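Student: I would like to learn how to read a few features of a protein model. Please take me through them one by one.

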Amino acid sequence: MIKKLVLPTVLLTCVLSSCGERSKQAMRVVYGENEVVEALNEVPNIQFDSLQTSALQEEVRLFYKTNDYHLGWFNAANRQQLLESVRDLQNDGIKIASKEIHQLVDLDATYEQLNETDKIQADFLFSTMYVNTLDNLFNGSVRAKRLYGDWEITPKPLNTSATMLLALEHENVALTYDSIRTKQPVYTQLRKKLSAYYALEKDSLKPFKQGKINDTIPELVAVKKHLIFLNQLADSIQTDAIYNQATAQSIKAFQTQKKLSVTGFTDTKTIEAMLRDENALKEKIIVNLERWRWFPREFSSNYILVNIPAYSLV
């Protein structure tokens, strides 16, 4: 009798342990196509038919197939990380239509009030945004081969569907964007410069037509920031309202370059010229950020770096 009582107890223990939550797979970016990633541990009781994903792109369809056709973006923290990461792509020079972002923001804000059908459609939109933006950040928004017929570097492999599953499981959506962003120093500097440009857009450049050295002129705070961005003024100069000699000389030098009246003060034409130069510099930065995304994340041990402006090998 004792044996008969013990055996079921052991069996019951095994059954309970196997029914427990499985251990999470390690959080990582998946680059290989054949890596096996499991479905999300806990999902809402909303399931849909595979036919509903037929119009979606391949990586999104694969995500839902692996996830047994359940929702992926039911967690508010994951949705908000996605929105923050997508907004931050502005600093990488990646343009996302504001209409698409606003749509996701609205869906996130009203998510709990959505019916099952709307939650499924919202999930498709969040997944599509993740797949597209992650690939744009990793390989560029434009394929180099389309622009240059002799381009030999192939796009880098990235398993976005598997990466999305792991990111959602670990609530680490933002980490995946940070992980695949190239760490090349030039890219980092360009990104920082572009971020500085968008910070300038919040400043209001206003003209000032008179002043003496050491005068306090409120308009100079913004003027100095713009001159520093254009490399017309050393970034060691304080961005205060003091009209110092360095600032006066910087404005005069800029006016001389642009063949404007050399006054040392920022009239309307000087401000217009500054804004034009800033916009032109912004476009150059965006183009160069895109080109950096075409390259491998790490160079091999042997490579040739060409400094095109200097006509030299570095």
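Tutor: We will look at one helix residue, then at a surface patch, then at a pocket. This is a predicted model, where local features need pLDDT of at least 70, side-chain atom pairs count only at pLDDT 80 or more, and totals for chains, interfaces and linings use all residues. Residues are numbered from 1 along each chain as its sequence is written, and side-chain values use heavy atoms, with hydrogens and water left out.

Student: Where does T247 lie?

Tutor: Helices are DSSP runs of H or I with at least four residues, strands are runs of E with at least two, and both are numbered from the N terminus. T247 is in helix α11, residues 245-257.

Student: Is T247 buried or exposed?

Tutor: Buried means under 20% relative accessible area, exposed over 50%, and partly exposed in between, with a 1.4 Å probe and protein chains only. T247 is buried because its relative accessibility is 0%.

Student: Which residues does T247 touch, not counting those up to four places away in sequence?

Tutor: Contact means heavy atoms within 4.5 Å. T247 touches L220, K224, L227 and L233.

Student: What about Y148: where does it lie?

Tutor: Y148 is in the loop between α6 (144-147) and α7 (160-170). Y148 counts as partly exposed because its relative accessible area is 33%.

Student: Which element gives the largest share of the lining of the largest pocket?

Tutor: Lining residues have an atom within 4 Å of a pocket point; on a 1 Å grid over the protein atoms alone, a pocket is an open set of points where a 1.4 Å probe fits, with protein on both sides within 12 Å along at least five of seven lines. Here α12 gives the largest share, six residues.
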